[in-house]
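The following questions and answers examine a structural model through its accessibility, charge pairing, sheets and nonpolar cores. Each answer works towards the value or name requested.

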Amino acid sequence: MPAEVRPSLDLTDPKKYEVVDIRDAEPYGAGHIRNSRNIGIDGRFETGVGIIVPWGSKLVLVGSPEGLKEGLFRLHRIGYDAGIIAMESWSKAKLPVLKSPPIAPDKLHGLMEKGTAPLIVDVREPSEWRSLRIGTVLNLPLKSLASHTGLLDPKEELMVCCRTGYRSSMAIGILERAGLEKATSVAGGTTAWTKVGLPTIEPEKKDVTPSQGAKK
C-alpha cells in the first residue's frame, strides 16, 4: 500500500485531481470531499471508473483502509494507478465535507402528491426509463450527464433516481462538479420504490389474447 496523500483542499479542485469515493452511497451522502465522485467498491467499480474518470488523470481514492486496498488491486487490473486517502484522515484534518443524504422513496412520493417535489432526474438508460419510471421525470443517462448539466438550474434542488441508488449516487458527484450542489439521491432507486408499493408509469400492455376465430 502506498503512503496516503496529504489531506489538502487541493483535493477538492477537479482541475488538479480526480477524487473517487469508494464507499457505499449512504456514508458518501453523510459526508464526502467536495467534487469527489462516488463509485462504490461493492458495485461495478472498474467499469464506473473506466467510464467516468479520464485516462491519465491524477486519481485519488477515498475510503476505508480495507476498501482502498481492494480498490487499488482492482484498478491495477485495468491499468489505472491511484493515490489513496482514508476518509478518517480527511475528517481528522478538520477539512470541510459536503452532505447529500439520500431521500426515502415514500418521503419523495409524499412531496410529489403535494406538488412540492423538485425536479427528478432519472440517470438510467432510455430503455430502462421507458419501461418503468416513478413519475414525470427527466431522463439524463449517467454516461452523458456531464455534458447535459447546463440544462439544470444550480439554484434549484434536484432528486436523482436510478434502479438501485448506485448510479444516482455516482451522479451526485458529477452534478456537484458542475456547480449543482443541491442534488439528492433517491435511496434504493426504482427497486426500493416498487418494493414498498408506490405507483409507477409503465407502457400499456398489449392484448395478445388470440381472437375467437383464430386458428390454434
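Q: Is Glu-70 buried, partly exposed or exposed, and what is its relative accessible area?
A: The model is a predicted one. A residue counts as buried under 20% relative accessible area and as exposed over 50%. Glu-70 falls in between and is therefore partly exposed, with a relative accessible area of 37%.

Q: Which residue forms a salt bridge with Glu-70 within helix H3?
A: Side chains of opposite charge can pair when their charged atoms come close. In H3, the two residues concerned lie 4 residues apart, about one turn of the helix. Their N-to-O distance is 2.9 Å, and the partner of Glu-70 is Arg-74.

Q: Is Arg-74 buried or exposed, and what is its relative accessible area?
A: The cut-off for a buried residue is under 20% relative accessible area. Arg-74 lies under that limit and is therefore buried, at 11%.

Q: Which residues are linked with Glu-70 and Arg-74 in a network of salt bridges?
A: The pair formed by Glu-70 and Arg-74 does not stand alone, as both belong to a network of salt bridges. The other residues linked in this network are Glu-46 and Arg-77.

Q: What is the distance between the closest N and O atoms of Glu-88 and Lys-92?
A: Glu-88 and Lys-92 are separated by about one helical turn, because they are 4 residues apart in helix H4 (residues 87-92). Both count as exposed, Glu-88 at 51% relative accessibility and Lys-92 at 63%. The closest N and O atoms of their salt bridge are 3.4 Å apart.

Q: How many residues apart are Glu-181 and Arg-34, which form a salt bridge?
A: The closest N and O atoms of this pair are 2.4 Å apart. Glu-181 is partly exposed at 36%, and Arg-34 is partly exposed at 33%. Glu-181 lies in the loop between helix H8 (166-177) and strand S8 (183-185), whereas Arg-34 lies in the loop between H1 and S2. The salt bridge thus links distant parts of the chain, and the separation is 147 residues.

Q: Which residues point the other way from Glu-18 and Val-20 in strand S1?
A: In a regular strand the side chains alternate between the two faces of the sheet. In S1 (residues 18-21), Glu-18 and Val-20 point one way, and all four residues of the strand are buried. Those that point the other way are Val-19 and Asp-21.

Q: What is the order of the strands in the open sheet that contains S1?
A: S1 is joined to strand S2 (residues 37-38) by 2 bridges, Val-20 having Arg-37 as its bridge partner. S1 is also joined to strand S3 (residues 59-63) by 4 bridges, with Asp-21 opposite Val-62. A further 4 bridges join S3 to S4, where the partner of Val-62 is Ile-85. The pairing is parallel and the order is S2-S1-S3-S4.

Q: Which handedness does the β-α-β unit of S1, helix H1 and S2 have?
A: S1 and S2 run parallel. Helix H1 (residues 25-30) joins them in the unit, which is right-handed.

Q: At about what angle does helix H3 run to S3?
A: Helix H3 (residues 65-76) lies across S3 and S4. Its angle to S3 is about 145 degrees.

Q: Which strands stand at the edges of the open sheet S6-S5-S7-S8?
A: The pairing in this sheet is parallel. Strand S5 (residues 119-122) pairs with S6 over 2 bridges, and Val-121 has Leu-138 as its partner. Each edge strand has a single partner strand, so one side of each is left without a neighbour in the sheet; these strands are S6 (138-139) and S8.

Q: Which helix supplies the largest share of the largest nonpolar core?
A: This core has 33 residues, and Phe-45, Leu-59 and Leu-61 touch the most other members. Among the residues that Phe-45 touches are Val-20, Ile-39, Leu-61 and Tyr-166. Several elements, including helix H2 (45-52), S3 and H3, each supply at least two residues of the core. The largest share, 5 residues, comes from H8.

How values were computed. Residues numbered from 1 in each chain as written. Predicted model: local features only at pLDDT ≥ 70, side-chain atom pairs only at ≥ 80, totals over all residues. Heavy atoms only, no water. Buried < 20%, exposed > 50% of the residue type's maximum accessible area, 1.4 Å probe, protein only. Pairing = 2+ DSSP bridges. Right-handed = clockwise from strand over helix to strand, strands pointing away. Contact = heavy atoms within 4.5 Å. Axes fitted to C-alpha atoms, helices over the stretch in contact; angles between N-to-C directions. Salt bridge = Lys/Arg side-chain N within 4 Å of Asp/Glu carboxyl O. Core = buried A, V, L, I, M, F, W, Y, C linked by side-chain atoms within 4.5 Å. Lists of a residue's contacts leave out its neighbours within four places in sequence.
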